[in-house]
Amino acid sequence: MTTSTARIAEVTEGDDAAERQALAGAKRIVVKVGSSSLTSIKGGISEKALTALVHALAEKRNSGTEIILVSSGAIAAGLAPLGLAKRPKDLATQQAAASVGQGLLMARYSQAFAAHGVTVSQVLLTADDLMRRTQHSNAYRALDRLLNLGVVPVVNENDTVATHEIRFGDNDRLAALVAHLVRADALVLLSDVDALYDGPPSLGAKRIPLVTGPADLVGVTIGKAGKAGVGTGGMTTKVEAASIAAGSGIHALVTSTANAAAALAGEDVGTWFAINGNRKPVRLLWLAHLASVRGRLILDDGAVKAVRDRHTSLLPAGISSVQGDFEPGDPVEMVSADGTVIARGLVNYSAEELPRMLGRSTKELAKDLGRGYDRVVVHVDDLVLVQPSRSTKLGE
């Protein structure tokens, strides 16, 4: 028995069952399903798999639980109509497949849910949409209103207009952010694997039924992408997303799509991630776990203490140098002189503006450069502390 398995075994079955009842009685649940769970052997979306999933979700919805479905599968759905045998590697073709497939995917969801008297809507998001106050406030209001109207929003990453390469496992982490955004009671991550195991299942590994914190995962070998070959994620991103949710006050479960109905009923399936932290603003959660850092601010010792120990905003007087190419509103790292990452935050100035401001007080800057330059560089409300780690040069 591994150290992780032994630690998990200390939790009684009663405790585990009590935890899972939080899912059975949840008022609002975010469910994420991956491409590999919806894909047929011949390619494209499997009608059988999609219909079975919708049946489980619609029954839960019709029993009074609000459901948001975060669904991959647009690219997979677009492969066959475009005559593509496998998922393309280049971004342009991925975008083309997503553009064709998203409409087909939504048509199938609409038809399948309608058979149960449930209306669905399409909501396309990116992680960036959940970063800025105005955007994530608008997203929350739209989703909340849809739920109040009895609709099941079907959320997907907006792959068609992605400006960066469609990243590994984005929809898993996007689902964790959506769960925070809508203040969900639970997050359920579905794939073609029924649970997290303490090693390769083919070698006799045991299911891990409960994870109470990061220490339970020490020494656990986590698998990569699914067998279907059309998804971008794998168990690694499921565990990351579940850990993000659990660490921020939301129950999380990782299991297979075949177990969806049992999972929503609170049965002992999959791997349950127990809550081990408090809820955080979605913008700060994004900064801590998902933001693609565009630059780096090197702080002097005084600024390090102010930001890290006194939790204050970052002023230009405490910045020694600037790295990277960023614009106002972009995420940046705040780093000590020895390269330790102290925090991440949304910067109020561009990389071009900041160098002439370094080491100067806001009062002096306002006098010399005019109004607008008396703002802090990173406001405390747009800043999140991170675990100490050795930094690398930008771009590595």
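Helix H6 (residues 91-114) has 24 residues, so at 1.5 Å a residue it should span 34 Å, and its end C-alpha atoms do sit 34 Å apart, in agreement. The expected span here is 1.5 Å times one less than the number of residues in the helix. Helices (H or I, at least four residues) and strands (E, at least two) are DSSP runs, numbered from the N terminus.

A word on ground rules. This is a predicted model, where local features need pLDDT of at least 70 and side-chain atom pairs count only at pLDDT 80 or more, while totals for chains, interfaces and linings use all residues. Residues are numbered from 1 along each chain as its sequence is written, and side-chain values use heavy atoms, with hydrogens and water left out.

Back to H6: the helix bends by about 30° at Gly101, the bend being the angle between axes fitted to the seven residues ending there and the seven starting there. Gly101 is also one of the buried residues of H6, a list including Gln94, Gln95, Leu105, Met106, Tyr109 and Phe113. Buried means under 20% relative accessible area, exposed over 50%, and partly exposed in between (1.4 Å probe, protein chains only).

Zooming out, the protein chain has 13 helices and 13 strands. Of its 396 residues, 52% are buried. The accessible surface comes to about 17,700 Å², with 52% of that belonging to carbon and sulfur atoms; areas come from the Shrake-Rupley method with a 1.4 Å probe, and for residues only the protein chains shown count as cover. Among contacts (heavy atoms within 4.5 Å) between residues at least 6 apart in sequence, 74% join residues at least 24 apart.

Now for the annotated spots. UniProt, in an unreviewed entry, lists Ser72, Asp159 and Asn171 under "binding site". These are spread over 100 residues of sequence, yet they cluster in space, with a largest C-alpha distance of 10.4 Å. UniProt positions follow the numbering used here, feature names are shortened, and annotations may be inferred rather than shown by experiment. Another "binding site" listing from the unreviewed UniProt entry includes Lys32, Ser191, Asp192 and Lys238.

Here are four buried residues and where they sit:

| Residue | Place | Relative accessible area |
|---|---|---|
| Ser72 | loop between strand S2 (66-71) and helix H5 (74-79) | 11% |
| Asn171 | helix H8 (residues 170-181) | 7% |
| Lys238 | helix H9 (residues 235-246) | 5% |
| Thr257 | loop between strand S7 (251-256) and helix H10 (260-264) | 13% |

Ser72 and Asn171 are joined through their side chains by a polar contact of 2.9 Å. That term covers a pair of N or O atoms within 3.5 Å; within protein, one must be able to donate a hydrogen and the other to accept it, and residues adjacent in sequence count only if both atoms are side-chain atoms. Setting aside neighbours within four places in sequence, Ser72 also has contacts that include Lys32, Leu105 and Asn156. Asn171, with residues up to four places away not counted, touches Lys32 and Asn156 among others.

Lys32 turns up again with Lys238, whose contacts beyond four places in sequence also include Asp172, Ser191 and Val254.

What does the side chain of Thr257 pair with in a polar contact of 2.8 Å? The partner is the side chain of Ser37. Beyond four places in sequence, Thr257 is in contact with Val33, Ser37, Leu53, Leu190 and Ser191. Thr257 and Leu50 are 207 residues apart in sequence, but 9.5 Å apart in space, C-alpha to C-alpha.
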